[in-house]
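Grab a coffee and open the model in your viewer. Here are some exercises to try, each with a worked solution.

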Amino acid sequence: MQRTGCAVVGGGPAGMMLGLLLARAGVQVTVLEKHGDFLRDFRGDTVHASTIRLIDELGLGEAFRGLPQSRLSNVALPIPGAGLVTVGDFASLKPPYNYIAMMPQWDFLNFLATEAAREPTFTLLMEHEATSLVFDGGRVTGVRYRIRPGAGDAGREGELQADLVVATDGRHSILRRAAGLQTKDYPVPFDTWWFRLPRHASEKGAVAGVVPAFRDREAMIALFRDDYYQMGYLGPKGEDARIRSEGVERFRERVAGLRPDLADRVDSIRSLDDLHWLDVRLDRLRRWYVDGLLCIGDAAHAMSPAGGVGINLAIQDAVAAAATLAPALLRGRVTVKDLAAVQRRRRMPTVVIQTVQRIMHRVVFVPLFEGKRIEAPSALVFVLRHVPVARRLLPRMIAFGPRPEHAPGFARRPGRTQPREAT
């Protein structure tokens with residue numbers, strides 16, 4: 001039977017960051033990832049300033065900036081009757097944290113995995129799918145797993161004992177369900193269908209952005225990749241069966257109607273199998289833990305794509321969890337009180353961000369999908385464009401979020417450059 005100090009289930013941003021931080025504290029940590037690599041489409045791309053600052057504090061800033069990426073210098077939304085309104089101009093922030101980095105998530109995860117592998121107490125088990133929890137009395141004492149096809153011993157089942165299990169296995173978390181943890185769910189008016197469109201050579205360059213387009217009862221966003229656009233079609237919730245029943249040609253017409261400038265390449269959508277449906281959820285656990293188990297990231301609070309903040313909120317959870325739990329893990333005993341402290345620290349920023357997303361749903365997306373005209377209050381547009389305080393505070397809130405976390409002292413390493421601190 002295998003044993004570790006902390007078993008982290010899920011190799012996404014929260015899981016990989018938590019593994020790196022705990023390993024730097026000297027904790028024996030094992031991350032279980034069910035896939036054989038991180039190379040999967042249609043994951044979030046945005047690395048906000050709070051995460052970039054954290055990476056600098058870890059001494060990894062120079063290596064991070066060497067990864068393929070582009071920079072988003074502002075966030076603007078098309079508002080009927082007002083045109084394109086900038087809601088966050090990051091030029092008002094102090095460098096080097098005056099932008100959002102746009103990079104494929106698989107590059108970011110490979111980067112974290114490479115750095116974590118330098119630590120002698122870190123282990124990453126790919127193709128290991130957690131299937132259930134192990135209990136001793138009322139306490140979680142480990143996880144059971146199955147080795148998936150692609151790895152040696154495919155199909156073999158095993159058990160990993162741990163002083164603590166941390167679930168970072170996403171919005172459909174197997175572990176939070178196995179622990180009987182209950183969510184508070186909020187209505188979401190839309191789902192998202194992700195797909196690719198080619199990006200011609202003449203369109204390539206250092207441009208970064210998230211380009212939105214709105215039309216009656218539908219919307220679409222485009223994210224820039226090196227040689228293609230990652231497209232997200234937004235439609236009313238529960239419409240997947242209807243969209244697919246209409247056929248691929250009708251979907252191509254929808255895309256061309258929303259983005260006429262991309263109509264010349266919609267034939268690259270060969271069939272509706274090219275669409276990846278995301279059942280958008282907005283929920284959070286009432287309690288993030290049971291004795292021996294903690295949930296963070298989407299496993300604790302599924303976020304809407306609105307605002308693109310899910311990755312960064314999950315990473316901030318990981319930092320708070322590492323700072324709080326590393327001393328207890330080194331002692332070999334994590335108490336329920338320790339786990340409650342993590343939820344207590346991270347609950348406020350979760351509630352704040354989800355409240356903003358619920359407002360965005362109600363003000364923008366509900367009227368859109370009901371076929372109503374979206375009218376932005378003229379006072380709001382004036383504030384966004386002309387009030388200096390709003391023009392300073394909004395970019396900072398988007399870039400750093402509420403309660404950004406700093407790297408704990410045990411995880412910091414000197415970098416070759418010492419960036420200036422953002423204030």
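The exercises below move from helices to salt bridges and then to strands.

**Before you start**

This is a predicted model, in which local features need pLDDT of at least 70 and side-chain atom pairs count only at pLDDT 80 or more, while totals for chains, interfaces and linings use all residues. Residues are numbered from 1 along each chain as its sequence is written, and side-chain values use heavy atoms, with hydrogens and water left out.

**Exercise 1. Follow helix α8 from its start to the residue just after it.**

Step 1: Set the terms. Helices (H or I, at least four residues) and strands (E, at least two) are DSSP runs, numbered from the N terminus. The expected span of a helix is 1.5 Å times one less than its number of residues.

Step 2: Check the length. Helix α8 covers residues 310-331, which is 22 residues. From first C-alpha to last it reaches 32 Å, close to the 32 Å expected.

Step 3: Look for a bend, taken as the angle between axes fitted to the seven residues ending at a residue and the seven starting there. α8 bends by about 45° at L325, and the proline P327 follows within four residues.

Step 4: Check the cover. Buried means under 20% relative accessible area, exposed over 50%, and partly exposed in between (1.4 Å probe, protein chains only). In α8, 17 of the 22 residues are buried, so by this definition the helix is mostly covered.

Step 5: Step off the end. G332, just after α8, takes a positive phi of about 85°.

**Exercise 2. Describe the surroundings of E115 and its helix.**

Step 1: Place the residue. E115 lies in helix α4, residues 105-116.

Step 2: Test the helix length. The 12 residues of α4 should span 16 Å, and the end C-alpha atoms are indeed 16 Å apart.

Step 3: Judge the cover. α4 is largely enclosed by the rest of the structure, because nine of its 12 residues are buried. Among them are W106, F108 and F111, and E115 also counts as buried because its relative accessibility is 10%.

Step 4: Find what does the covering, with contact meaning heavy atoms within 4.5 Å. The cover over the buried residues of α4 includes α1 (13-24), α2 (49-57), α3 (61-65), β8 (122-126), β16 (228-236) and α8.

Step 5: Zoom in on E115. Leaving out residues up to four places away in sequence, E115 touches L20 and L60. E115 and A63 are 52 residues apart in sequence, and their C-alpha atoms are 9.9 Å apart in space.

**Exercise 3. Trace the salt-bridge network that includes R254.**

Step 1: Apply the rule. A salt bridge is a side-chain nitrogen of Lys or Arg within 4 Å of a carboxyl oxygen of Asp or Glu. By this rule the count is 30.

Step 2: Start with R254. R254 bridges E218, with the closest N and O atoms 3.2 Å apart. The pair links distant parts of the chain, R254 being in helix α7 (residues 248-258) and E218 in strand β15 (residues 218-224), 36 residues apart.

Step 3: Check the accessibility of both partners. R254 is buried at 7%, and E218 is buried at 4%.

Step 4: Add another pair. E239 and R242 meet at 2.1 Å, N to O, and R242 is partly exposed because its relative accessible area is 34%.

Step 5: Join them up. Salt bridges with shared partners tie R215, E218, E239, R242, E246 and R254 into one network.

**Exercise 4. Which strands pair with β15 and with β4?**

Step 1: Use the rule that two strands pair if DSSP finds at least two bridges between them.

Step 2: Take β15. β15 pairs with β16 in the antiparallel sense over six bridges, and F224 has Y229 in β16 as its bridge partner. Six of the seven residues of β15 are buried.

Step 3: Take β4. Three bridges join β4 to the antiparallel strand β7 (residues 100-102), where A101 is the bridge partner of R71.

Step 4: Place β4 in its sheet. The open, antiparallel sheet has three strands in the order β3-β7-β4. β3 (46-47) and β4 (70-72) each have a single partner strand, so one side of each is left without a neighbour in the sheet.

**Exercise 5. How many disulfides does the whole structure hold?**

Step 1: Look for a pair of cysteine sulfur atoms within 2.5 Å.

Step 2: Read the result. The search finds zero disulfides. As for individual cysteines, C6 is buried at 0% relative accessibility, and C295 is buried with a relative accessible area of 0%.
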